[in-house]
Each structure stands twice: as C-alpha cells, then as structure tokens.
Amino acid sequence: MGQLAFHVAWRRATHGGGVSLLTFTDLTEDLAKRLPELRGRLRANAQLSEITWFRVGGPAQILFTPADEADLAYALKNIPPDWPVFVLGLGSNLLVRDGGVPGIVIRLGRGFGQIEVLDGQRLRVGTAVPDVKVARAAADAGIAGLHFYRGIPGSVGGALRMNAGAHGGETKDVLESARAVDRQGNIHDLSLADMGFSYRHCSIPREFIFTSATFKGSAGDTTDIQSQMEEVADYREQNQPIRERTGGSTFKNPPGMSAWKLVDAAGCRGLRVGGAMVSEMHCNFLINDAGATGEDLERLGETVRARVKQQSGIELNWEIIRLGDPKEGRPVGAELALPAEADH
Ligand SMILES: Cc1cc2nc3c(=O)[nH]c(=O)nc-3n(C[C@H](O)[C@H](O)[C@H](O)COP(=O)(O)OP(=O)(O)OC[C@H]3O[C@@H](n4cnc5c(N)ncnc54)[C@H](O)[C@@H]3O)c2cc1C
C-alpha cells in the first residue's frame with residue numbers, strides 16, 4: 001500500500017445566510033480506499049458543536065463511527081501512523097476550539113452499547129453506554145454502589161479516562177476490568193491495577209481507546225438504590241447548572257481545596273468574556289449562555305486562572321479537555337502570562 005499523505009489544509013466557505021464555515025480537506029475517499037474492509041462510517045467536516053455539551057468549536061476533519069471493536073481495531077491498524085486520532089465520548093468534558101480538529105475523531109456508537117448483567121453483582125458494558133444507564137441497570141439488577149453514575153452526564157469511556165466520580169464514589173472504586181484497543185490495533189485486557197487511577201486521571205496511554213468495562217458492586221435492594229439515585233438527581237438539579245451548555249467542573253480541585261471557593265474568592269462568579277460566563281449557580285462551571293465561541297470560553301477560563309493565581313498564588317489546572325486548534329492559529333490567553341498546560 002502506497003503512502004497516504006495527511007493534509008491539514010482548511011478554508012472558509014460562505015454558505016446560505018452568509019454563515020462562514022471552516023472546512024478541512026476531505027480525505028474520506030482516500031481513507032476508504034485504504035480501508036476496504038471497513039464497516040463503520042466516515043464523515044468529512046462533521047460539526048463537533050452538534051455533539052458536545054458546550055456547543056462550540058470547529059469541525060472534525062474526519063468523524064469515524066466504528067461498527068464494533070473488530071472494526072475499530074482494523075481501522076487503527078491501517079490508518080497511517082502519522083494521522084492524529086482522538087476519541088470522543090458524549091462530549092461533556094470537552095471544549096472544542098474554533099479552528100477544528102485535524103485528523104480523525106472517533107465516536108463510539110451502537111456497536112459499543114451492550115449492557116450485560118453477570119454473576120457476582122457485576123455488569124459488563126460497552127464504553128458508549130451513558131453513565132446514567134449504568135446506574136439504572138445496576139439498580140434494576142440489585143447491584144449497589146454504582147448509583148453515583150446517575151449524576152454524571154458522560155459515557156463509560158469518558159468515565160474510565162477521567163476516573164469520573166461524585167457523591168463519594170469514583171470509577172476506581174467500582175471498576176473490575178476494561179478492554180481497550182491501542183493505536184496499532186492491538187486489543188488489551190486491563191485490570192483495575194493497570195488503569196493507574198488517581199483524581200480525575202487514568203495512566204493508560206492517551207492513544208488507547210476503551211471498548212468495554214466490567215463493574216462490580218455489592219448486593220443491594222432495587223428500591224433503596226433507586227432512592228439513592230433520586231437523591232443524586234435532586235442534588236444536581238439544585239446545585240449545578242445541568243440544563244446549560246457547560247462542560248462540568250472546569251478546574252480540578254487542588255489538593256485539600258475546592259476550586260470553586262478559589263474562583264469565588266478571586267471575584268470571578270458571573271464573570272463574562274463574549275458569550276461565555278462563569279456560572280452564578282456554581283462558579284467552577286463555565287457556561288455558553290449567549291452564542292459563545294470556543295475562544296470566548298477558553299479565554300474566560302484562562303482569565304479565571306490568572307485572577308486566582310494573582311489573588312491566592314494557586315495555579316488551577318484545567319479538568320476540561322481542550323481539543324483542536326485555536327482559530328486561525330492564534331493561541332488563547334498567551335497575554336495572561338500563565339505557563340501553558342499540556343493539551344491535546
Ligand atoms: C453538567 C455536568 C456535570 C458533571 N458532573 C461531573 C461529576 O460530578 N463528576 C465527574 O467526574 N465529572 C463530571 N462532569 C464531567 C464529565 O461528565 C465526565 O468527565 C465524563 O466522564 C466525561 O465523559 P464523556 O463521555 O462526556 O467524555 P468526553 O467529554 O467526550 O471526553 C473526555 C475524555 O475522555 C476520553 N474518552 C472518551 N471516551 C473514551 C474511550 N472510549 N476511550 C478512551 N478515552 C475516551 C476523551 O478522549 C477525553 O479525553 C460533568 C459534566 C457536566 C456537563
């Protein structure tokens with residue numbers, strides 16, 4: 001097979017109503033030729049703003065939805081090694097930049113949506129399953145300990161990558177094992193110890209794509225678990241802007257401290273940049289409340305980081321993953337004189 005060159009070139013095209021859209025070079029045909037046995041779907045210039053919670057940012061050069069784990073492994077084996085690949089969950093912890101995402105964005109769909117109840121209070125689920133469905137399936141099967149997933153709006157894949165947690169429970173407390181495919185298309189069975197979980201972090205290499213997970217709880221009563229889930233849902237409704245376009249907690253809590261208290265003390269509650277605002281309800285949440293761009297949100301986050309640093313001396317780290325290129329190559333927040341953080 002000959003070399004398949006990766007082009008990042010993009011252009012702006014003006015569409016009906018004068019809306020200017022960014023589009024990348026369409027490489028889907030070239031890629032499909034290289035992957036004749038592919039069963040999943042390739043889409044050029046897919047708007048990630050339609051499938052992420054913040055509803056901002058540019059397109060993915062190629063959005064790939066694999067049919068199942070074998071299809072994903074086949075694709076990863078055959079996609080040229082220099083092509084960038086990123087996997088997306090439900091986009092509830094992601095800020096997509098306005099310049100879009102060059103390369104391939106993978107979104108797991110129906111082929112990763114199975115839920116199986118196993119013996120010994122265990123559940124095996126595909127990584128496209130929303131966390132809330134994990135909580136419901138566990139409750140129905142009388143498996144206690146997974147009710148906290150009721151409040152987390154991501155998928156199982158995102159929960160594994162972020163060690164998602166809430167209300168005293170974390171993924172690391174309930175995971176037994178997981179499966180993943182690496183960038184070369186090899187399948188790995190991973191134990192809990194392999195995952196290297198810590199606060200909102202998993203040590204498995206970034207290029208690994210999780211495909212399924214087995215959770216283990218303890219024996220419980222369905223009605224009791226359901227009432228715990230209702231408590232979680234009520235708490236969220238009253239304390240977090242869950243109906244807004246948001247990405248959840250913006251910054252990780254520094255050891256022994258609450259990020260929201262530092263943001264509040266720095267006077268940032270309600271702070272605005274363009275169409276982006278620090279939530280009045282929970283000031284570790286940013287919201288897109290008035291047609292924000294990715295740049296507005298990132299600039300607002302960087303402004304908050306700079307003010308917190310100035311006021312308390314503490315450097316907040318982003319929990320939200322920022323993905324893709326800034327608009328027309330212009331970095332955001334460089335003028336705020338904060339050290340840049342590692343990024344996608
Ligand atoms: C209103 C709201 C409330 C929230 N509350 C909480 C909370 O209480 N606790 C909490 O922990 N988080 C919370 N979050 C953040 C978010 O829901 C979690 O981080 C969640 O686990 C992200 O899952 P996702 O599927 O949306 O992942 P995405 O946001 O799509 O991606 C997040 C990361 O996971 C990676 N990823 C996704 N799928 C896979 C996969 N299959 N294999 C490998 N990597 C993958 C992505 O590459 C990316 O690095 C909240 C978010 C919102 C919007």
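The protein chain folds into nine helices and 21 strands, where helices (H or I, at least four residues) and strands (E, at least two) are DSSP runs numbered from the N terminus. Bear in mind that this is a predicted model: local features need pLDDT of at least 70, side-chain atom pairs count only at pLDDT 80 or more, and totals for chains, interfaces and linings use all residues. Residues are numbered from 1 along each chain as its sequence is written.

Let's start with the overall picture. Of the 344 residues in the protein chain, 43% count as buried. Buried here means that 20 or more other C-beta atoms lie within 10 Å of the residue's own; with 12 or fewer it is exposed, and in between it is partly exposed, the C-beta atoms being placed from the backbone. Take the contacts in the protein chain between residues at least 6 apart in sequence: 65% of them join residues at least 24 apart. A contact means that the C-beta atoms of two residues, placed from the backbone, lie within 7 Å.

Now look inside. The largest nonpolar core has 85 residues; such a core is a set of buried Ala, Val, Leu, Ile, Met, Phe, Trp, Tyr and Cys residues joined through C-beta atoms within 7 Å. Val105, Val134 and Val263 have the most contacts inside this core. Leaving out residues up to four places away in sequence, Val263 touches Cys268, Val278, Cys283, Asn284, Val304 and Val308.

Next, try the open sheet of four strands that runs β3-β4-β7-β5, with mixed pairing. (Two strands pair if DSSP finds at least two bridges between them.) β3 (41-47) and β5 (85-88) stand at its edges with a single partner strand each, so one side of each has no neighbour in the sheet. From one strand to the next, the twist averages 30 degrees. β5 and β7 (residues 101-107) pair in the parallel sense over four bridges, and Val85 has Ile104 in β7 as its bridge partner. One strand of this sheet, β4, also meets a helix: β4 (59-65), β13 (175-181) and β15 (209-216) are among what covers the buried residues of α2. Those buried residues of α2 (residues 69-78) are Glu69, Leu72, Tyr74, Ala75 and Leu76.

For a simpler motif, find the hairpin made by β8 and β9, with three residues between them. β8 (residues 115-118) and β9 (residues 122-126) run antiparallel and are joined by four bridges, with Leu118 opposite Arg122. In the turn, Gly120 has a positive phi of about 70 degrees.

A second open sheet of four strands has the order β17-β20-β19-β18 and antiparallel pairing. Here β17 and β18 (272-273) are the edge strands, each with a single partner, so each has one side without a neighbour in the sheet. Helix α9 (residues 294-312) packs on this sheet, touching β18, β19 and β20 (285-288), and its direction makes about 30 degrees with that of β19. The angle is taken between N-to-C directions, on a scale from 0 to 180 degrees, using lines fitted to C-alpha atoms, for helices over the stretch in contact.

Finally, the ligand. Of the 33 residues around the ligand, Gly89, Gly154, Gly157, Gly158 and Gly248 come nearest; to be near, a residue's C-beta atom, placed from the backbone, must lie within 6 Å. The largest share of this shell, five residues, comes from α4.
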